[in-house]
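Q: Could you take me through one part of this protein at close range? I would like to see the sheet that holds the arginine I keep coming back to, and then how the surroundings fit in.

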Amino acid sequence: MTPYSLRRRSVLALPAAGLAGATLTQLGPLASRAGAGAPAILKPLPAEAFVDYGTNAEMRWESVDPHRQLTPQSRLFVRNHTRTPRLDASSYRLRVHGDGLRDAAGVTLGLDELRRRFPAVEVTSVHECTGNGRSLFDTQQGTRAAGTPWTLGAVGAVTWQGVRLRDVLRWAGLRPDAVCVQGVGLDDEYVDKGENLGHVRRPFPIAKALDDALLAWGVNGEPLLPDHGFPLRLVLPGWVGIASIKWLGELEVSASELTSPWNTRWYNIGGPLGANPVRSAWELPRDAALPAGRTLRLTGRSWSGAAPIARVEVSTDAGTTWTAARLGRPPGRRTEGHGWTRWSHTWHAPPAGRHELLARATDLHGRTQPDVAAYNPNGYFFDAVVRHPVVVAA
């Protein structure tokens, strides 16, 4: 049974005017300020909150509000292959087709019909880039990997609003012999070293489609921002970020296995990658300056793509001794599914000098962060315990 159960909502926490008639200008300044961030990203990228990589942007951990469970869209990382497209919700259409349907020609749906025809649901999950932590293969383990040098900020926890993919597929005439579904994005075609690979697309098993997959139009009770998939995106909770295709234009339902460069050339380690691993991060800058001789309350977060976090252990002496962290609980109303787990640790009168803080999480499936992450040339799934340096000064 999936750890991400869905909850039907009778009323969506979205603007009463609805999304179907919205345009970029109606979505406010974050959607229209094209020059505020990197050229490929539309939303502002303030330096105190993001590391700007051009087509990608990483959330700075020191900017995370320790009292807030969910990540606002304005602070959520951005991973683009090309650039954020400007799409009009009023003319948007989703095509669902393929030989995994009774009629291979399929159906086409607009946003209004999706919202009107199917029960609305919401689910809380951690959304994460597959390469999160990639730079640590180099800085912590001494072997560089190719790709954007994320630290640990290509991640966020959000509550999605939308409809169940399984409801749409069954209505469209899903055949019992369907084996996979492939989402295709509406962003620019991707060119790699002169080779045009077409639109970003990636297949996934029908079991995931019929489990907890969503077609989402909202995040945290607000319409999606363009950088995060407006007007509609696919969401596979807990899975590698590339699987949750943004700006979804097409779903191909197939009675045979499909492939694309995004599950063969990339996002593959001996097979296509699915659920994200277990990770932890302290809510501190690297080399943070801390006062000596005082009692310090330090905070952090842990998460897993497969199951909620069961326990977190921390060390303030580079792993010589370990102590159980105090796990927090989400404030406010209860949401189904799971995001990340907040935790805290009290460090009593640390001595002056350099120290390494470590955090090690275990999820309810028994997966625990290792001391060393298994290397791969593309730098996926860095899940090792991170050595976080701090300086304690008198």
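A: Happy to help; here is a walk from the whole fold to that sheet, and then on to the spaces and backbone details elsewhere.

Please keep in mind that this is a predicted model. The protein has 5 helices and 25 strands, and 57% of its 394 residues count as buried. Among contacts between residues at least 6 apart in sequence, 75% join residues that are at least 24 apart. About 16,000 Å² of the protein is exposed, and carbon and sulfur atoms supply 50% of that area.

Now to the sheet. Five strands make up an open sheet with mixed pairing, and their order is β18-β25-β24-β20-β21. The edges are taken by β18 (288–291) and β21 (323–324); each has a single partner strand, so one side of each is left without a neighbour in the sheet. Further in, strand β20 (residues 309–315) pairs with strand β24 (residues 353–363) in the antiparallel sense, over 6 bridges. If you want a residue pair to find this register on your screen, take Arg311 and its bridge partner in β24, Thr362.

Your arginine is presumably Arg360, which is located in strand β24. Is Arg360 buried or exposed? Its relative accessibility is 17%, and Arg360 counts as buried because the cut-off is under 20%. Setting aside neighbours within four places in sequence, Arg360 is in contact with Ser280, Arg311, Val312, Glu313, Trp322, Thr368, Gln369 and Val385. Arg311, the residue with a bridge partner in β24, is one of these contacts of Arg360.

Another residue worth a look is Ala281, which belongs to strand β17 (residues 279–282). With a relative accessible area of 4%, Ala281 is buried. Beyond the residues up to four places away in sequence, Ala281 touches Trp61, Leu152, Gly300, Arg301, Trp303 and Trp343. There is also a long jump along the chain here: the C-alpha atoms of Ala281 and His388 are 8.6 Å apart, although 107 residues separate them along the chain.

For a second sheet to set beside the first, look at the open one of 3 strands, ordered β2-β3-β4 with antiparallel pairing. Its edge strands are β2 (50–52) and β4 (78–79), each of which pairs on one side only. Between β2 and strand β3 (residues 56–59), which run antiparallel, there are 3 bridges. Within that pairing, Asp52 has Ala57 as its bridge partner in β3.

Next come the spaces inside and at the surface. How many cavities of 30 Å³ or more does a search of the whole structure find? The search finds 2, and the largest cavity has a volume of about 270 Å³. Its lining comprises 21 residues, of which Arg79, Gly241, Ile242, Ser244 and Lys246 lie nearest the centre. By class, that lining has 9 nonpolar, 7 polar and 5 charged residues.

The second largest pocket holds about 390 Å³ of space. It is lined by 21 residues, and those closest to its centre are Arg79, Gly147, Thr148, Tyr190 and Tyr267. Here the lining divides into 8 nonpolar, 9 polar and 4 charged residues. Arg79 deserves a second glance, as it is listed near the centre of the largest cavity and also among the residues closest to the centre of this pocket.

Tyr267, from that pocket lining, leads us to the backbone. Most residues other than glycine have a negative phi, and most peptide bonds are trans. Tyr267 has a positive phi, near 55°. It is placed in the loop between β16 (248–254) and β17, and with a relative accessible area of 6% Tyr267 is buried.

Asn220 also has a positive phi, of about 55°, although it is not a glycine. This residue is in the loop between β13 (214–219) and β14. Asn220 is partly exposed, with a relative accessible area of 26%.

Finally, a cis peptide bond joins Phe230 and Pro231, with omega about 10°. Pro231 is in the loop between β14 (222–223) and β15 (233–235).

Definitions and conventions:
Residues are numbered from 1 along each chain as its sequence is written. This is a predicted model: local features need pLDDT of at least 70, side-chain atom pairs count only at pLDDT 80 or more; totals for chains, interfaces and linings use all residues. Side-chain values use heavy atoms; hydrogens and water are left out. Helices (H or I, at least four residues) and strands (E, at least two) are DSSP runs, numbered from the N terminus. Buried means under 20% relative accessible area, exposed over 50%, partly exposed in between (1.4 Å probe, protein chains only). Contact means heavy atoms within 4.5 Å. Accessible areas come from the Shrake-Rupley method with a 1.4 Å probe; for residues, only the protein chains shown count as cover. Two strands pair if DSSP finds at least two bridges between them. On a 1 Å grid over the protein atoms alone, a cavity is a set of points where a 1.4 Å probe fits but cannot get out, and a pocket is an open set with protein on both sides within 12 Å along at least five of seven lines; lining residues have an atom within 4 Å of a point. Grid points are joined across faces, edges and corners, and a volume is the space filled by probe spheres set on the points. Ala, Val, Leu, Ile, Met, Phe, Trp, Tyr, Cys and Pro count as nonpolar, Asp, Glu, Lys and Arg as charged, and the others, Gly among them, as polar.
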